[in-house]
Amino acid sequence: MPVGALGKTMPPAGGADVVLRTERLVLRGWRRSDREPFASLNADPEVGEFLFPPVLTPEESDGLIERFEAERAAQGYCPWAVAERSTGAFIGFVGLHGLDGLAPSLPFAPGVEVGWRLARRFWGSRAVMRPGAESVAARGSSDGRSGRGGNQRAEAKRKGLKKAA
């Protein structure tokens, strides 16, 4: 198995294999069936309030999935698709995202970002975010401190971030 950035063995890249299971969630590779709900999530201006750009077209959304999968193939990790275990419903993503190629000019680059993006109907659900963050942390990939909620806006406010003018 490939070795991730922290020396942990990672599942093989490629396919939509399950990476982690919690009582309520499945973190897994991306599937073609994720594209439509992911595009809807990325078209929601409230979901993207603290992102740039704040909304994505379906084509940009598909490109993001392709970039995540390319990171997975190259590095052994990426933002994973998250589904509700009981229904299989797509919720969003949680995971690690390399900043090297994305933002090499940042003062903390190269680096790895812990990120998540969830459909609004799951915001505030500790049943979603906490198990997802804890599962990523259990793999030695994150400190898990970002798992205190699920609502990107509330999390950004807790961290003192403000919306750009």
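Select β3 (residues 79–84) and β4 (residues 90–98): these strands pair in the antiparallel sense over five bridges. Strands here are DSSP runs of E with at least two residues; helices are runs of H or I with at least four; both are numbered from the N terminus. Two strands pair if DSSP finds at least two bridges between them.

This is a predicted model, so local features need pLDDT of at least 70, side-chain atom pairs count only at pLDDT 80 or more, and totals for chains, interfaces and linings use all residues. Residues are numbered from 1 along each chain as its sequence is written, and side-chain values use heavy atoms, leaving out hydrogens and water.

Label Trp-80; Val-94 in β4 stands opposite. Next, Ala-83: its bridge partner in β4 is Phe-90. Now show the turn. Five residues separate β3 and β4 in this hairpin, and Gly-88 there has a positive phi of about 80°.

Colour β4 by burial. Nine of its nine residues are buried (under 20% relative accessible area, 1.4 Å probe, protein chains only), so the strand is largely enclosed by the rest of the structure.

Move on to β5. Seven bridges join β4 and β5, again antiparallel. Find Gly-95, with Gly-115 of β5 opposite.

Zoom out. The open sheet has five antiparallel strands in the order β1-β2-β3-β4-β5. β1 (18–21) and β5 (112–118) are the edges, each with a single partner strand, so one side of each lacks a neighbour in the sheet.

Finally, add helix α1 (residues 35–42), which lies across β4 and β5 at about 80° to β4. Angles run from 0 to 180 degrees between N-to-C directions, with axes fitted to C-alpha atoms, for helices over the stretch in contact (heavy atoms within 4.5 Å). Helix α2 (residues 58–75) packs on the sheet, touching β1, β3, β4 and β5, at about 50° to β4.

How values were computed: Buried means under 20% relative accessible area, exposed over 50%, partly exposed in between (1.4 Å probe, protein chains only).
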